[in-house]
Amino acid sequence: MIRALFLAVALSSFAAPTLVQVQTIRVADHPNYARLVLPLKAGAEWDLSQDGSSVRLLVDGATQFDISNIFRRIPRTKILAVRPIERREAAGLQLTLGCDCTAAARRIGSGFLALDIVFREKSEDTVEAKQPSPSTDTAATVTTSASPT
């Protein structure tokens, strides 16, 4: 009987699925931007891309992200939809924006990545857009000014 129990336990450990850790996303809504804060492993790299109203964020070595809390604090005016991306080597988010916004990501604190969805400023004199810088801990800001003619 003991051998049968031992054999059953041994065999079930081979058939058990790998447990995936689901990471909670913290969210905050501000007048000019929305912020999603994702857990980030030490040394992890990320890739942020934006094509019009479509934003994709991939985080190397991440597991799954829990998106169920996002629209409890952020109205669907800045972000219309969020879909998780789950791959073997990375995880991330696919966002559809509902505003004329730009996306920027930067490492904050110890072990977090901030994804900001920021309203674009409409001005003839100055346009600012934050560009992500995955290799550093801060986001760069690019400023261009219209020259008088």
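These legends accompany close-up views of a predicted model.

**View 1. Confidence along the predicted chain.** The mean pLDDT of the protein chain is 76. A score of at least 70 is reached by 68% of the residues. Strand E4 has the highest mean pLDDT among the elements, at 96. Strand E12 (residues 140-145) has the lowest, at 34. Two stretches fall below 50: residues 11-18 and residues 125-149. Residues 11-18 make zero contacts beyond near neighbours in sequence. Residues 125-149 make 38 such contacts in the model. Where pLDDT is low, predicted coordinates should not be read in detail.

**View 2. The salt bridge between Asp29 and Lys78.** Four salt bridges turn up in a search of the whole structure. One of them joins the side chains of Asp29 and Lys78, at 2.5 Å from N to O. This pair links distant parts of the chain, 49 residues apart. Asp29 sits in strand E2 (residues 26-29). Lys78 sits in the loop between helix H2 (70-73) and strand E7 (79-86). Are the two partners buried or partly exposed? Lys78 has a relative accessible area of 4%, so it counts as buried, the cut-off being under 20%. Asp29 is partly exposed, at 32% relative accessibility.

**View 3. The salt bridge between Arg56 and Asp47.** The closest N and O atoms of this pair are 3.7 Å apart. The distance qualifies because a salt bridge is accepted within 4 Å. Arg56 is partly exposed, with a relative accessibility of 26%. Asp47 is also partly exposed, at 37%.

**View 4. The salt bridge between Asp100 and Arg120.** Here the side chains meet at 3.0 Å, N to O. Asp100 belongs to the loop between strand E8 (90-97) and strand E9 (101-108). Arg120 belongs to the loop between strand E10 (112-119) and strand E11 (126-131). The pair therefore ties together parts that are 20 residues apart in sequence. Asp100 is partly exposed, with 38% relative accessibility. Arg120 is partly exposed too, with a relative accessible area of 39%.

**View 5. The largest nonpolar core, with Leu36.** This core holds 29 residues. Leu36, Leu115 and Ile117 have the most contacts inside it. The elements giving two or more residues are strands E3 (33-39), E4 (46-51) and E5 (54-60), together with E7, E8, E9 and E10. E8 gives the most, with four residues. In soluble globular proteins, nonpolar side chains tend to be buried together. What does Leu36 touch, leaving aside neighbours within four places in sequence? Its contacts are Ile25, Arg26, Val27, Ile70, Ile74, Ile79, Leu93, Leu113, Ala114 and Leu115. Leu115 is thus named both as a contact of Leu36 and among the residues with the most contacts inside the core.

**View 6. Asp116, a buried acidic side chain and its partner Arg35.** Asp116 lies in strand E10. Its relative accessibility is 4%, so Asp116 counts as buried. Which side chain makes a polar contact with the side chain of Asp116? The partner is Arg35, at 2.6 Å. Leaving aside neighbours within four places in sequence, Asp116 is in contact with Tyr33, Ala34, Arg35, Thr102, Ala103 and Ala104.

Conventions:
Residues are numbered from 1 along each chain as its sequence is written. This is a predicted model: local features need pLDDT of at least 70, side-chain atom pairs count only at pLDDT 80 or more; totals for chains, interfaces and linings use all residues. Side-chain values use heavy atoms; hydrogens and water are left out. Buried means under 20% relative accessible area, exposed over 50%, partly exposed in between (1.4 Å probe, protein chains only). A nonpolar core is a set of buried Ala, Val, Leu, Ile, Met, Phe, Trp, Tyr and Cys residues joined through side-chain atoms within 4.5 Å. Contact means heavy atoms within 4.5 Å. A polar contact is a pair of N or O atoms within 3.5 Å; within protein, one must be able to donate a hydrogen and the other to accept it, and residues adjacent in sequence count only if both atoms are side-chain atoms. pLDDT is the predictor's confidence in each residue, from 0 to 100.
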